[in-house]
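The following questions and answers examine a single model. Please consult the sequence and the structure shown here while reading.

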Amino acid sequence: QVQLVESGGGLVQPGGSLRLSCAASGFTFNNAAMNWYRQAPGKERELVADITSAGGSTNYADSVKGRFTISRDNAENTVYLQMNNLKAEDTAVYYCNARTKVWGRLRDYWGQGTQVTVSS
């Protein structure tokens with residue numbers, strides 16, 4: 001079955017760094033666009049970063065631009081989110097998302113989420 005398993009979250013002080021990983025299985029990873037979303041309590045879920053299937057193009061939310069970097073390793077079926085200079089406002093559950101076409105129809109797969117807490 002399809003699985004997206006996030007790891008790397010935790011508690012970090014403001015200004016610190018974390019790297020999130022998402023290990024994918026059960027679908028053709030190198031044909032899928034990969035995305036990181038996050039949701040904080042009382043906030044709407046927001047798209048943080050996305051990357052095309054071959055890794056040739058990336059996009060970021062304005063709030064994280066210059067601090068976060070999305071990357072992927074298609075040989076390892078893994079997508080990463082490097083988060084630097086973390087702020088309290090980055091505290092949220094971070095979700096890995098895969099978006100791909102199956103039988104010509106767009107499908108979305110989601111991980112379980114990993115908690116990132118930025119606090120002193």
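Q: In β11, which residue is the bridge partner of L11?
A: The model is predicted, so local features need pLDDT of at least 70 and side-chain atom pairs count only at pLDDT 80 or more, while totals for chains, interfaces and linings use all residues. Residues are numbered from 1 along each chain as its sequence is written, and side-chain values use heavy atoms, with hydrogens and water left out. Strand β2 (residues 10-12) and β11 run parallel and are joined by 3 bridges; strands are DSSP runs of E with at least two residues, numbered from the N terminus, and helices are runs of H or I with at least four. Within β11, L11 has as its bridge partner T117.

Q: Which residue in β11 is the bridge partner of Y94?
A: β9 and β11 pair in the antiparallel sense over 3 bridges, where pairing requires that DSSP finds at least two bridges between two strands. The bridge partner of Y94 in β11 is T114.

Q: Along β11, which side chains point to one face and are buried?
A: The side chains of β11 alternate. Buried means under 20% relative accessible area, exposed over 50%, and partly exposed in between (1.4 Å probe, protein chains only). Q115 and T117 point to the other face and are not buried. The buried face carries T114, V116 and V118.

Q: How many residues does the largest nonpolar core have?
A: A nonpolar core is a set of buried Ala, Val, Leu, Ile, Met, Phe, Trp, Tyr and Cys residues joined through side-chain atoms within 4.5 Å. In the largest one, the residues with the most contacts inside it are M34, W36, V79, L81, M83 and Y94, and the core has 29 residues. At least two residues of this core come from each of β3 (18-25), β4, β5 (46-51), β7, β8, β9 and β11 (114-118). In soluble globular proteins, nonpolar side chains tend to be buried together. The count for this core is 29.

Q: How far apart in sequence are C22 and C96?
A: C22 and C96 form a disulfide with their sulfur atoms 2.1 Å apart, the criterion being a pair of cysteine sulfur atoms within 2.5 Å. Both C22 and C96 are buried. C22 lies in strand β3 and C96 in strand β9, so by the DSSP strand assignment the pair links distant parts of the chain, and the separation is 74 residues.

Q: Why is the disulfide of C22 and C96 left-handed?
A: The structure holds 1 disulfide. Its handedness follows from the torsion about the S-S bond of C22 and C96, which is about -80°.

Q: Which residues are linked with D90 in a network of salt bridges?
A: A salt bridge is a side-chain nitrogen of Lys or Arg within 4 Å of a carboxyl oxygen of Asp or Glu. D90 forms one with R38 (3.0 Å, N to O) and another with R67 (2.8 Å, N to O). Both R67 and D90 are buried, and R38 is buried too, with a relative accessible area of 5%. The network links D90 with R38, E46 and R67.

Q: With which residue does D108 form a salt bridge?
A: At 36% relative accessibility, D108 counts as partly exposed. Its partner counts as partly exposed at 24%. The closest N and O atoms of the pair are 2.8 Å apart, and the partner is R99.

Q: With the side chain of which residue does the side chain of N35 make a polar contact?
A: N35 is in strand β4 (residues 33-39) and counts as buried at 5% relative accessibility. Leaving aside neighbours within four places in sequence, N35 is in contact (heavy atoms within 4.5 Å) with residues including L47, Y95 and R99. A polar contact is a pair of N or O atoms within 3.5 Å; within protein, one must be able to donate a hydrogen and the other to accept it, and residues adjacent in sequence count only if both atoms are side-chain atoms. At 2.6 Å, the side-chain partner of N35 is N97.

Q: Is W103 buried or exposed?
A: W103 is in the loop between β9 and β10 (105-110). Its phi is positive, about 55°, although W103 is not a glycine. Most residues other than glycine have a negative phi. With a relative accessible area of 83%, W103 is exposed.
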